[in-house]
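Here is a short report for a first look at this structure. Keep the sequence and the 3D view at hand while reading.

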Amino acid sequence: MPYASNSKLPATVRDHLPRHAQDIFREAFNSAYASKKDASKSRQEEYAFRVAWSAVKKVYEKGASGDWVKK
């Protein structure tokens with residue numbers, strides 16, 4: 001299920017990532033989800049979540065305090 005806005009992201013994403021990281025996550029998720037139209041829904045979502053987290057981790061990392069910070 002693609003996300004229309006950051007407010008629709010799962011709480012685990014929305015409550016822990018900075019706004020810019022949420023944008024990255026949402027855009028990567030939606031793109032990856034759309035690219036796997038032929039897969040089952042669960043595989044499609046699993047793939048999209050992996051791609052989205054990977055995209056976030058290219059720009060952000062967890063800091064010493066556990067907060068996500070820009071690299």
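## Helix α3: length

Helix α3 runs over residues 41-59, which makes 19 residues. At 1.5 Å a residue, α3 should span 27 Å. The C-alpha atoms at its ends are 28 Å apart, so the expected span and the model agree. Note that this is a predicted model.

## Helix α3: two sides

Which residues of α3 are buried? They are Gln44, Glu45, Ala48, Ala52, Ala55 and Val56. These residues cover an arc of only 95 degrees around the axis, and therefore sit on the same side of α3.

The other side of α3 has another character. Ser42, Arg43, Arg50 and Lys58 are exposed there. What covers the buried residues of α3? The cover includes helix α2 (19-35). It also includes β1 (60-62) and β2 (68-70).

## Glu45, a buried residue of α3

Glu45 lies in helix α3. Is Glu45 buried or exposed? Its relative accessibility is 19%, and buried means under 20%. Glu45 therefore counts as buried.

Leaving out residues up to four places away in sequence, Glu45 touches Met1, Phe29 and Tyr33. Met1 also has a polar atom to offer: its backbone nitrogen lies 3.5 Å from a polar atom of the Glu45 side chain.

Glu45 has a salt bridge as well. Its side chain meets that of Lys41, at 3.9 Å from N to O. Both residues belong to helix α3. They are four residues apart, about one turn of the helix.

## Salt bridges

How many salt bridges does the structure hold? There are four. The pair of Glu45 and Lys41 is one of them. Two others follow.

Arg26 and Asp23 meet through their side chains in a salt bridge, at 3.4 Å from N to O. Why are Arg26 and Asp23 separated by about one helical turn? Because they are three residues apart in helix α2. Arg26 is buried, with a relative accessible area of 16%. Asp23 has 24% relative accessibility, so it counts as partly exposed.

The side chains of Arg14 and Asp15 form another salt bridge, at 4.0 Å from N to O. Arg14 counts as partly exposed, at 32% relative accessibility. Asp15 is exposed, because its relative accessible area of 55% is over 50%.

## Lys57, toward the end of the account

Lys57 is found in helix α3. Its relative accessibility is 46%, so Lys57 counts as partly exposed. What does Lys57 touch, not counting residues up to four places away in sequence? Its contacts are Trp68 and Lys71.

Tyr3 gives a sense of distance. Lys57 and Tyr3 are 54 residues apart along the chain. Their C-alpha atoms are separated by 19 Å.

## In brief

Helix α3 has buried residues, including Ala48 and Ala52, and exposed residues on the other side, including Arg43 and Arg50. Glu45 is buried, touches Phe29 and Tyr33 among others, and meets Lys41 in a salt bridge. Lys57, in the same helix α3, is partly exposed and touches Trp68 and Lys71.

Key:
Residues numbered from 1 in each chain as written. Predicted model: local features only at pLDDT ≥ 70, side-chain atom pairs only at ≥ 80, totals over all residues. Heavy atoms only, no water. Helix = DSSP H or I, 4+ residues; strand = E, 2+ residues; numbered from the N terminus. Expected span 1.5 Å × (residues − 1). Buried < 20%, exposed > 50% of the residue type's maximum accessible area, 1.4 Å probe, protein only. Arc of directions from axis to C-beta. Contact = heavy atoms within 4.5 Å. Polar contact = N/O pair within 3.5 Å; in protein donor to acceptor, adjacent residues only side chain to side chain.
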